[in-house]
Amino acid sequence: MGILDPISLIADWLEGLFMGWGWPAGLVNLVMTFLGVFLVANFGMLYVIFLIWLERKLAARMQDRIGPNRVGPYGLFQTIADILKLFTKEDTTPDGADKVIFNLAPILAVVSVLMIWAVVPFAEGWIGTDLNVGVLYIVAVGSFGIVATLIAGWSSNNKFALLGAFRTVAQLVSYEVPMVLSLLVPVLLARNMGLGSIVEAQSSWYSIFFFMAPIAALIFFISSIAEVGRTPFDLLEAESEIVAGFHIEYSGAKFAMIFAAEFLHAFTISVLTITLFFGGWQGWGDQFPLVGWAWFMTKAMLAYFTVAWVRTTLPRIRIDHMLDYNWKFLTPLALAVLVVTALLDRLIIDGFGTDNTPWRPAILFAANLLIGWVTVVLLRRRAAQRPPRQVVGAPRPVARPPQPEAEPEAAGD
Amino acid sequence: MIPLSWYLILAAGLFCLGLYGVLARKNAVAILMGIELMLNAVNINLVAFWRYQHPLELAGQVFAIIVFAVSAAEVAVGLALVISLYRRRRSVVAENMDLLRW
Amino acid sequence: MTPIQVLFILTSLSLLVSAFMVVTTRNLVRAALWLISSLFMVAVVFVLLDAGFLAVVQVVVYIGAIAILFIFAVMLTRKVMQDTGPQSNSQWWVAGLFSLLLFGGLSWIILGWGGAAQTVPRVTAGDLDNISDLGRALVDPAGYVVPFEVASVLLLAALIGAIVVAWDRN
Amino acid sequence: MLDNWLFVGLMIGVAIVFPVGPIVLAHLIGPRRPNRIKSETYECGIETVGETWVQFKVQYYIYALVFLIFDIEAVFLFPWAVAFDQLALYAVLEGILFIIILFGGLVYAWNRGILEWA
């Protein structure tokens, strides 16, 4: 191992050092855990600074712009300049706001995202704590984010903010259903809820869960994007409708916190997607944690690129479409995938006597294709039954186009 | 280590606070909050007895999960009733719900 | 005092204080937030009791769903019930007295009971919080399959019932 | 067992300090010159009319309700999924029956037109 596992190296050295100072074992354990926590949390918060720059640059390139390019090479320090600016801004609180709760909301927003990182496996052995309830823990921690959004909107004493808070429930709460149901699929395939075990269950290339559950992976990815509240699901902060939604009254550092939480959340869902469905840190040479970590980061950044790509490409979805999409498409589909996967996996184990066979992903992948095909056929049939939609609205009296009769008649003079 | 009685007294205190909320609050939503506290006290007791007396059996945990389901059902229907009453009578004060009083 | 006892006392104090605020705060949204705090503290108590799964479920179900439902109900029924004015009915002191008496009686019974002083039995870590055993027991005909399926029917009934009660086209 | 949760407990502490630190810092170094207009509720420059508390539709509650029921369902199913290795076919079918019963609730809500955004 040695140089390819720097974290364990340093941890062992520090532990020996503390023991050498004659500290009791409990205290050493506490300090080591604290250092681990500090490392994980710092990784999250500092990486956000880079992510914000990256996303701005990506969005700029996709929209044929240059993006940040003044502060530092390639504008790399733009975010730091922004942070300095935000920190020196005045911190306003609107009249009639519930001050305590108003200040609590951004803190809760960051906490809810940062806490997820406690169970993320970065590489073999590099994991905060491999809770045996990891997946449910992620759902549990995420629910604080919903509460944060709700109380941010409530405490601002602002109609837009309150509308944003109510839309939160229509959206975040709704999309939590397909998210949780699609999370059940990797748990079922790995027979374990710990994220470390889920990664280890995807050890051979054909046992990566994406091959066994492509539809569940897609559902998880889509509903996670909705949980973050990004375009196309940014109804809770739709600029053109309710200005900034629930965080309309936030300024300065508190706004920065809400903003940072959103970006970190976007990266977190990329990490969760690759951990649950694409083998996490597994890859060639992953027995060396540093290599595993490189794999992890590469996959995560690819997933994050997809998130940013979706954000810059798709327009905002209408609220009734958003709800229909969730309740009439994603949720039934997630239930169907769950039932079919459970049934087939049981039959495969009974039939082959083991679950470590290439037939398992092959059969499950075929079943997923079949489900996808049936879904498409059903959707086509539904679409055919609908009356044809009028794309161009009927002419309205106010904005009538200039009539051809209005040609200048005085031309004959 | 923590003796079992600590957990039991904690649960008893939580239960009594919830009971006070149920008995003393005017607002029907607040009464339901009191009921939630009482159910949580029950759950603490269930889990504490499971851990201290029968840690190898699953009954305690299963019962606790069933309590979760029951309290979710109770909240769903209870709050629906409150909202429906509010829409009919413009009030959520439990004392005003006296249509059946003679 | 071991660290774990200190942790327990801190947790139970904050639990009881939050619960007290739930039943006395005038502003109902704040009461709901105190409810979230006390529910979270109950989750911490579950962790102290080595029931990690229940702790997480507590947060998912209570904070993630039930508390949000509460906040909604408060917001939906808000117009008449302003925060000003007493939120307790006229018999609040009787209720308080009764609760105190009940607490005293319960404590007396608990402290007088022989088994109350027992400490945690040592169990190998693998036997505790074993989710797969729990999952097996839930669908085992000799275990709890009947409550499991009944819970599903109960939830279905609650869903339909609540929709029928709350839904009103106009 | 508790060691695992020690990490989570410390993480809560650090995760609270991380946002609180900058907010307090900004509070200290930022200017503080509040005036009446600055602290008015923001409504795109128009003065606020009426109170913030406009009435909301009951539909929001219905969505939260359906979510609650499915959340509990998932909680029941997670142990079932973890124990999947040791379940016989009939046990898997029991879990599926559980899912189907609750799917009935979704179908009911769908048929009643409750999922329609009015």
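**Close-up views of a predicted four-chain model**

Among the contacts in chain A between residues at least 6 apart in sequence, 75% join residues at least 24 apart. Keep in mind throughout that this is a predicted model.

**View 1. Chain A as a whole, with its 14 helices and 2 strands.** The C-alpha atoms of chain A fit a box of roughly 105 × 60 × 40 Å, taken along the principal axes. How many of the 413 residues of chain A count as buried? The share is 51%. On confidence, chain A averages a pLDDT of 84, and 91% of the residues score at least 70. Among the elements of chain A, the highest mean pLDDT, 92, belongs to helix 9 (residues 214-228) of chain A. At the other end sits helix 10 (residues 239-242) of chain A, with the lowest mean, 59. Where pLDDT is low, the predicted coordinates should not be read in detail.

**View 2. Helix 1 (residues 6-20) of chain A against helix 2 (residues 25-62) of chain A.** Two packed helices are described by the angle between their axes and the distance between the axes. Here the two axes come within 10 Å and cross at roughly 145°. Is the crossing of helix 1 of chain A and helix 2 of chain A left-handed or right-handed? This crossing is right-handed. If you want to pick out the side chains, look on helix 1 of chain A for A11(A), L14(A), E15(A), F18(A) and M19(A). Their partners on helix 2 of chain A are V28(A), V31(A) and M32(A). By type, the residues of this contact divide into 7 nonpolar, no polar and 1 charged.

**View 3. R191(A), in the loop between helix 6 (159-190) and helix 7 (195-200) of chain A.** The backbone is what to look at here: phi of R191(A) is near 55°, a positive value in a residue other than glycine. Is R191(A) buried or exposed? R191(A) has 20 other C-beta atoms within 10 Å, so it counts as buried, the cut-off being 20 or more.

**View 4. Helix 2 of chain C and the residue D50(C) that comes after it.** Helix 2 of chain C is mostly covered, with 19 of its 21 residues buried. How well does its length match what 1.5 Å a residue should give? The 21 residues should span 30 Å, and the end C-alpha atoms of helix 2 of chain C are 30 Å apart, so the two agree. Next along the chain is D50(C), with a positive phi near 60°. D50(C) is not a glycine, despite that positive phi. This residue sits in the loop between helix 2 and helix 3 of chain C. Is D50(C) buried or exposed? With 22 other C-beta atoms within 10 Å, D50(C) is buried, because 20 or more is enough.

**View 5. Chain C against chain B, a contact with 74 residues from chain C and 62 residues from chain B.** Which elements of chain C supply at least two residues each to the side that touches chain B? Helix 1 (3-24), helix 2 (28-48), helix 3, helix 4 (92-112), helix 5 and helix 6 of chain C each do. Helix 4 of chain C gives the most, with 11 residues. The residues of this side of chain C divide into 56 nonpolar, 14 polar and 4 charged. As for the partner, chain B averages a pLDDT of 86, and 93% of the residues score at least 70. Among the elements of chain B, helix 1 (residues 4-24) of chain B has the highest mean pLDDT (91) and helix 3 (residues 59-89) of chain B the lowest (87).

**View 6. Chain C against chain D, a contact that takes 42 residues from chain C and 39 residues from chain D.** On the side of chain C that touches chain D, the elements giving two or more residues are helix 3 (52-76), helix 5 (131-138) and helix 6 (145-166) of chain C. Which of these gives the largest share? That is helix 6 of chain C, with 14 residues. By type, this side of chain C divides into 31 nonpolar, 5 polar and 6 charged. Chain D itself has 3 helices and 0 strands, and reads α-α-α along the sequence. Of the 118 residues in chain D, 41% are buried.

Methods
Residues are numbered from 1 along each chain as its sequence is written. Chains are lettered from A and ligands numbered from 1 in the order in which they are written. This is a predicted model: local features need pLDDT of at least 70, side-chain atom pairs count only at pLDDT 80 or more; totals for chains, interfaces and linings use all residues. pLDDT is the predictor's confidence in each residue, from 0 to 100. Helices (H or I, at least four residues) and strands (E, at least two) are DSSP runs, numbered from the N terminus. Two residues are in contact if their C-beta atoms, placed from the backbone, lie within 7 Å. Ala, Val, Leu, Ile, Met, Phe, Trp, Tyr, Cys and Pro count as nonpolar, Asp, Glu, Lys and Arg as charged, and the others, Gly among them, as polar. A residue is buried if 20 or more other C-beta atoms lie within 10 Å of its own, exposed if 12 or fewer, and partly exposed in between; C-beta atoms are placed from the backbone. Axes are lines fitted to C-alpha atoms, for helices over the stretch in contact, and angles run from 0 to 180 degrees between N-to-C directions. A crossing is left-handed if the near helix is turned anticlockwise from the far one by less than a right angle, and right-handed if clockwise. The expected span of a helix is 1.5 Å times one less than its number of residues.
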